[in-house]
Amino acid sequence: MTIGICCDHAGFDLKEELKIFLQSKNIDIKDFGTHSKASMDYPDVAHPLAIAIENQEFNIGIAICGTGNGMAMSLNKHKGIRAGLAWNEDIASLIKAHNNANILVLPARFIDEEKAKAILTAWLDTEFEGGRHQKRIDKIPC
């Protein structure tokens, strides 16, 4: 499995820690940046990640910024992207089980590294339930 990952300057440290965590689980990573704590604009990394998933280079991704909202807004402008913002494990499981979120968005300024790992694990370990939830997803315009 390969996962695309991106962040802005506020999410840089957390992204680097999550990369190590994922690699320890033998998960390959494509890092879309940013590659430092220098101030930058989150759409510059969100759009390339979304395009890669649209083009089926990867099935899933992770995006990190200060609140998570800027990333989620940018990512969800793309066809077939269902980016969900999660700040705890229950939300992470539900955005996968009910919304089939293909990008997990994390709010770096509101969670610590251990919480982020728990959220990521919950999201990765959850399967989409389909059924009535698929019917709802089908109503989201492409």
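Among contacts in the chain between residues at least 6 apart in sequence, what percentage join residues at least 24 apart? In this structure, which I should say at once is a predicted model, the figure is 69%.

Let me turn to the overall layout. The chain holds 6 helices and 5 strands, and if we read along the sequence, these elements come in the pattern β-α-β-α-β-α-β-α-β-α-α. For 142 residues, a compact globule would be expected to have a radius of gyration near 14 Å, and because the chain has 14 Å, the two agree. Along the principal axes, the C-alpha atoms fill a box of roughly 45 × 25 × 25 Å.

As for the surface, the accessible area of the chain comes to about 7,300 Å², with 48% of that belonging to carbon and sulfur atoms, while buried residues account for 49% of the 142 residues. The chain carries 16 positive and 19 negative side chains, the centres of these two sets lying 7 Å apart.

I would like to spend the remaining time on strand β5, residues 103–107. Here 5 of the 5 residues are buried, so the strand is largely enclosed by the rest of the structure. In a regular strand, side chains alternate between the two faces of the sheet. In β5, I103, V105 and P107 point one way and L104 and L106 the other way, and all are buried.

Now the pairing. Strand β3, residues 60–65, runs parallel to β5 and is joined to it by 5 bridges, with I64 standing opposite L106. Strand β4, residues 83–85, also pairs with β5 in the parallel sense, over 3 bridges, and there the bridge partner of L85 is V105.

Key
Residues numbered from 1 in each chain as written. Predicted model: local features only at pLDDT ≥ 70, side-chain atom pairs only at ≥ 80, totals over all residues. Heavy atoms only, no water. Helix = DSSP H or I, 4+ residues; strand = E, 2+ residues; numbered from the N terminus. Rg over C-alpha atoms; globule rule 2.2 N^0.38 Å. Buried < 20%, exposed > 50% of the residue type's maximum accessible area, 1.4 Å probe, protein only. Contact = heavy atoms within 4.5 Å. Areas by Shrake-Rupley, 256 points an atom, 1.4 Å probe, with all protein chains shown as cover. Lys, Arg positive; Asp, Glu negative; His and termini not counted. Charge placed at Lys NZ, Arg CZ, Asp CG, Glu CD. Pairing = 2+ DSSP bridges.
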